[in-house]
Amino acid sequence: MTKTMTDVVCPFCGTLCDDLEVVVSDDGKQLKEVYNACVIGTEKFLHSQTKDRITRPRLKQPDGSWKEVSYDEAVEYTAQMLANAKKPLMYGWSSTNCEAQSVGHEIAEMAGACVDNTAAVCHGPTVIALQDIGLPSCTLGEIKNRADRILFWGCNPAHAHPRHMSRYSIYPRGFFTGKGQKSRKMIVVDPRVTDTAKLADVHLQVEQGRDYELLNAFRVALNNEWLPDVVAGIPAAKIREAADLCKNGRFGIIFFGMGVTQTLSKNHNIDEAIALTKHLNEFTKFSIMPMRGHYNVTGSGEVLGWQFGFPYSVDLTRGFARYNPGDTSSIDLLARGEVDAMFTIASDPGAHFPISCVKHIAKIPSVCIDPHQTPTSGVSKLHVPVAFVGVEVGGNAYRMDNVPIDMRKVVDPPAGMLTDEEFLTKVRDRLKQLKGKA
Amino acid sequence: METVTITMKNPPALYLEADNICPDKFAGKTALQIADLHVFEGNTTSTIGKYFDVSGNAGASAADTKIVVKGDVKKVKYIGMKMSAGEIGVEGSTDLYAGAWMTGGKLTVKGNVEAFAATGMKGGELVIEGNAGNYLGAAYRGDWRGMSGGKILVKGNAGSDVGMYMLGGEITINGNVDVHVMTHAEGGKVIIKGNAKSKLGGQLVDGTIIVYGTIDVMMPGYKPIGTVELEVDGAKSKFAHFIGDTGERKKKRKGQIVYGNLYKKV
Ligand code: SF4
């Protein structure tokens, strides 16, 4: 026999869908089927069931082979590494729950470490911009019920957030958007003809690296000022038309992704996009929202924010929190050789960081806490597999619109496996002893 | 003026935070007392004397104190931070935050400086004989007060985000600059003798940018309004004159709308 669990939350992307149905075996040990999720979400659940899963920590040997060790040995290695480092970096956090993040930050404070999350390589520039000029935002529910002007700027939800358009932004029939897609105008700004762009009413094929100029041109158009004939590869008349289309809506929203945060101008693109949103509010109601990638990168920013005052790239080495991406950010710390130990949890810098950074990780003592085998676990000295958060353990996560959602446990982890929070708690307690604080 | 010479003898494994290398902190101290001032390497605290040889005593006040920094200080941050008077001469290159928040005195770097030099500078003089990194004379993260006074001269090139949130003072760059000059500025002047790339004066409310070389791409918010003759450093030349950023909010002075000015040599 099997049983079906409803209202399960998907721990994959920042859309954090909370309407999944999961079929599990009667003893709660096996996950059989997943309904309502998109392909990537389904895969995440089914991946926990693979037979060749690593269930115990492994320590790399001098000859490059792995040796299985106990969780206690892994705790000792991790605590010693953090106690002995002058400037350890504790990076990741985006694919685990807020409870684990909070314990991790206690460790970071004790170790005098730098703490950073995956915003470092995705929406960090967004955070910089919103600190500079604020963020007029809203919830996804408001968009579903009210928004009739949808801009996707430098993002491709058709592939990166597959259920975003159907659940919130384009197709659903909301309270004031009863005709669903027909009630909305969709504008996509992307240098490529993506699958999202193909669905758009207006596609502005911006020249690569010229988003800042195009955003500026929108604002110039709103002020009815002079414009050059062509900006960022787009005729001025078309820009004025698009600006009018935004102005004439009742409720608009700009969603933006890595196409603007990680291309030329970075935080300035977002800064100008927020300024445009503010500008549009002189004519109608407009909001703006980052398309956060990892399902709980938003939560990491929230927890770091309430504990240390800054949402990413926090430097605790001198006993108080400092924040200045460019100095305290992971890529810079690694590329400049500023850190002497690397602790990675719930993310994969080995796959996403520049090769010079990955080489530095390989040179220094390193621990990787991740249920999967990844390029990062491959270069790290110690790999600690843990239970899948959102599948084998619940906990809190924040959706891309800053709405906290409690995730559900659907199956048991393999016997004897620890969760992130359990492992971190042991490391914290051991570090306390080493630092003479217990 | 008394001279204190500090020479790197024992380079750090990581990076040093040495905001104590500053005439204000050295003033009134002997070489021995200076060697005892704190520096930080990651989460460990030690002293200037652990890394540097210190010779010579400081003057009674910052204004009477000159610091000469010798040896490899490429991994030393915050040299001259918050200095108010006196002089520092760095004989090589140095790292982040050189002369950050300085209010007076003169800091000369023979080599290059990395990012965030002269962050929030209020006065004094900074001369960089090599190249400057990103965010020269800009505001600290989240702050809206960039450089507000003093003078910066870069003999080489500068990185991106020169003068972000600048409020006053003057920056001259003899070489080229990377993208974003005077973003969000509300005053001050940046003179670029070489070439500029793009995104000059974006979201600028007030301020002046003068470019002698080329500009790859202009911001759409800059409207051409003719040519003018300007005198810069005693030499007169003709410049195309643009005003902007016309997309940004505007200030009024005596009932007139104030625009930023961008001049490009013709
Ligand atoms: S859209 Fe995102 S949260 Fe929703 S099911 Fe797909 S991967 Fe999961």
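**View 1. Long-range contacts within chain A.** In this predicted model, residues 24 or more positions apart make up 67% of the chain A contacts with a separation of 6 or more. Burial is another way to look at the same chain: 60% of its 438 residues count as buried.

**View 2. The fold of chain A as a whole.** Here you can trace 17 helices and 21 strands in chain A. The radius of gyration comes out at 23 Å, close to the 22 Å that the globule rule gives for 438 residues, so chain A is as compact as a globular protein of that length. Laid along its principal axes, the C-alpha trace spans about 65 × 55 × 35 Å.

**View 3. Where chain A meets chain B.** On the chain A side 45 residues are in contact, and they touch 46 residues of chain B. Together the two chains bury about 3600 Å², with 46% of that on carbon and sulfur atoms. Look for A:K86, A:R318 and A:R336, which lose the most area to chain B on the chain A side and together account for 18% of what that side buries.

**View 4. Polar and charged pairs across the interface.** The rule picks out nine salt bridges between chain A and chain B. One of them joins A:E338 to B:K77, with the closest N and O atoms 3.0 Å apart. Polar contacts link 33 residue pairs across the interface, both partners being at pLDDT 80 or more.

**View 5. What the chain A side is built from.** Helix 4 (124-133), helix 8 (211-222), helix 11 (267-280) and strand 16 (322-323) each supply at least two residues of the side that touches chain B. By type, the residues of that side split into 17 nonpolar, 13 polar and 15 charged.

Terms used:
Residues numbered from 1 in each chain as written. Chains lettered and ligands numbered in written order. Predicted model: local features only at pLDDT ≥ 70, side-chain atom pairs only at ≥ 80, totals over all residues. Heavy atoms only, no water. Contact = heavy atoms within 4.5 Å. Buried area = accessible area lost by both parts, 1.4 Å probe. Salt bridge = Lys/Arg side-chain N within 4 Å of Asp/Glu carboxyl O. Polar contact = N/O pair within 3.5 Å; in protein donor to acceptor, adjacent residues only side chain to side chain. Helix = DSSP H or I, 4+ residues; strand = E, 2+ residues; numbered from the N terminus. Nonpolar A, V, L, I, M, F, W, Y, C, P; charged D, E, K, R; others polar. Rg over C-alpha atoms; globule rule 2.2 N^0.38 Å. Buried < 20%, exposed > 50% of the residue type's maximum accessible area, 1.4 Å probe, protein only.
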